[in-house]
Amino acid sequence: GSYGKNFTGVVLVPYGDPTLFQNLEVFNSRYNIPSGKIQVQYFPSPPRTFPSGWISETDLDVEIMHAIAPEANIVVFETVNDNSTTLEMALNYIVTNHIGDVVSMSWGGPELQVYDPFFHSVIKLASRMGITLIAASGDSSIVEYPASDPYVLSVGGTSLFLSNGRYYYESIWQNSGGGESVIFPRPLWQVGSGLDSLKGRGVPDISMDADPSTGVNVYSNGWLGMGGTSLSA
């Protein structure tokens with residue numbers, strides 16, 4: 001279909017993958033997906049090393065975004081390291097220059113360690129500009145930032161069950177991150193949503209398949225079965 005026409009998605013990821021385009025080509029031909037409009041930008045300079053975990057993360061994020069919205073422009077915004085300061089400066093650049101309509105952030109860390117007022121101000125600015133920020137809620141039972149920010153769409157994980165290749169049902173994936181923010185009070189739009197015992201902002205907002213055993217095939221210098229809230233985000 002023509003999903004993603006006139007739309008730009010940004011994948012904000014540390015380090016990136018130097019063989020992204022070769023991997024994408026194999027993925028596209030296996031699933032008969034058109035090649036698409038994908039470009040890479042480095043912030044603030046190209047990385048000198050490429051840790052293997054971030055290579056497969058980049059391939060997952062880009063291949064799945066492209067599969068879901070094959071007509072979309074995708075900007076893969078690769079930072080020189082995975083420090084939260086570097087990532088928030090990169091997000092600031094993306095937002096102030098309106099690089100895309102939606103930004104996918106498949107990373108985060110313990111809320112109290114990663115949150116800072118500047119990070120929050122950049123996220124609020126994105127909201128005012130109509131840019132949707134999507135963050136993975138994490139793959140352990142802690143509350144992570146930026147997913148806990150009320151101006152972010154936080155995405156948790158389910159296990160997906162099919163019957164004869166069709167949707168059957170979903171249940172909560174046991175490793176999905178989430179819980180109650182200790183920084184942000186419960187926003188008005190979470191009142192009366194079955195969360196009335198919460199004092200803090202509840203995480204996540206929505207969930208999708210993230211269980212690696214019901215996940216996706218990704219080509220990252222070889223075929224991998226992958227999942228995690230990175231997939232759902």
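# Salt bridges, helix packing and unusual backbone

User: In this predicted model, which side chain meets Asp-205 in a salt bridge?
Analyst: The pair comes within 2.9 Å, N to O. A salt bridge needs the nitrogen and carboxyl oxygen within 4 Å, so this pair qualifies. The partner of Asp-205 is Arg-201.

User: Is Arg-201 buried or exposed?
Analyst: The relative accessibility of Arg-201 is 0%. Buried means under 20%, so the call for Arg-201 follows directly. Asp-205, at 26%, counts as partly exposed. Arg-201 itself is buried.

User: How many salt bridges does the structure hold?
Analyst: One joins Asp-205 and Arg-201. Glu-71 forms a salt bridge with Lys-5, with the closest N and O atoms 3.2 Å apart. The total for the structure is 2.

User: How many residues apart are Glu-71 and Lys-5?
Analyst: Glu-71 and Lys-5 form a salt bridge. Glu-71 sits in the loop between α2 (52-68) and β3 (73-79), while Lys-5 is in the segment before β1 (8-14). The pair thus links distant parts of the chain. Their separation is 66 residues.

User: Is Lys-5 buried or exposed?
Analyst: Its partner Glu-71 has 23% relative accessibility and counts as partly exposed. Lys-5 has a relative accessible area of 51%. The cut-off is over 50%, so Lys-5 is exposed.

User: Are α3 and α5 roughly parallel or roughly antiparallel?
Analyst: Helix α3 (residues 84-96) packs on helix α5 (residues 117-128) at about 25 degrees, with the axes 10 Å apart. Angles under 35 degrees fall in one class, and this angle belongs there. The two helices are therefore roughly parallel.

User: How many nonpolar residues does the contact of α3 with α5 have?
Analyst: The crossing is left-handed. From α3 come Glu-88, Met-89, Leu-91, Asn-92, Val-95 and Thr-96, and from α5 Phe-118, Phe-119, Val-122, Ile-123, Leu-125 and Ala-126. By class, 2 are polar and 1 is charged. The nonpolar count is 9.

User: Is α1 oblique to α2 or roughly parallel to α2?
Analyst: The axes of α1 and α2 are 10 Å apart, at an angle of about 45 degrees. That angle is not under 35 degrees, and 65 to 115 is the roughly perpendicular range, so α1 and α2 are oblique.

User: How many charged residues are in the contact of α1 with α2?
Analyst: α1 passes α2 in a right-handed crossing. Leu-20, Asn-23, Leu-24, Phe-27 and Asn-28 of α1 meet Thr-58, Asp-59, Val-62, Glu-63, His-66 and Ala-67 of α2. The contact also divides into 5 nonpolar and 4 polar residues. The charged count is 2.

User: What is omega for the cis peptide bond that joins Val-203 and Pro-204?
Analyst: Pro-204 lies in the loop between β11 (200-203) and β12 (206-209). Both Val-203 and Pro-204 are in contact with Ser-154. The omega angle of their cis bond is about 0 degrees.

User: Which loop holds Pro-146?
Analyst: The peptide bond from Tyr-145 to Pro-146 is cis, with omega near 15 degrees. Pro-146 comes after β7 and before β8 (153-163). The loop is the one between β7 and β8.

User: In which strand is Ser-154 found?
Analyst: Ser-154 is buried, at 0% relative accessibility. Its contacts beyond four places in sequence include Arg-201 and Asp-205, which form a salt bridge. Ser-154 is in strand β8.

User: What distance separates the C-alpha atoms of Ser-137 and Trp-189?
Analyst: Ser-137 is in the loop between β6 (132-136) and β7 (144-145). This serine is buried, at 0% relative accessibility. Among its contacts beyond four places in sequence are Val-203, Pro-204 and Thr-229. Trp-189 is 52 residues away along the chain, and the C-alpha separation is 19 Å.

User: What is the relative accessible area of Asn-6?
Analyst: Asn-6 is in the segment before β1. Its phi is positive, about 55 degrees, although Asn-6 is not a glycine. Asn-6 is exposed, with a relative accessible area of 78%.

User: What is phi of Asn-32?
Analyst: Asn-32 lies in the loop between α1 (20-31) and β2 (37-43). Asn-32 is exposed, at 71% relative accessible area. Its phi is positive in a residue other than glycine, near 55 degrees.

Notes. Residues numbered from 1 in each chain as written. Predicted model: local features only at pLDDT ≥ 70, side-chain atom pairs only at ≥ 80, totals over all residues. Heavy atoms only, no water. Helix = DSSP H or I, 4+ residues; strand = E, 2+ residues; numbered from the N terminus. Buried < 20%, exposed > 50% of the residue type's maximum accessible area, 1.4 Å probe, protein only. Axes fitted to C-alpha atoms, helices over the stretch in contact; angles between N-to-C directions. Parallel < 35°, antiparallel > 145°, perpendicular 65-115°, else oblique. Left-handed = near helix turned anticlockwise from the far one by under 90°. Contact = heavy atoms within 4.5 Å. Nonpolar A, V, L, I, M, F, W, Y, C, P; charged D, E, K, R; others polar.
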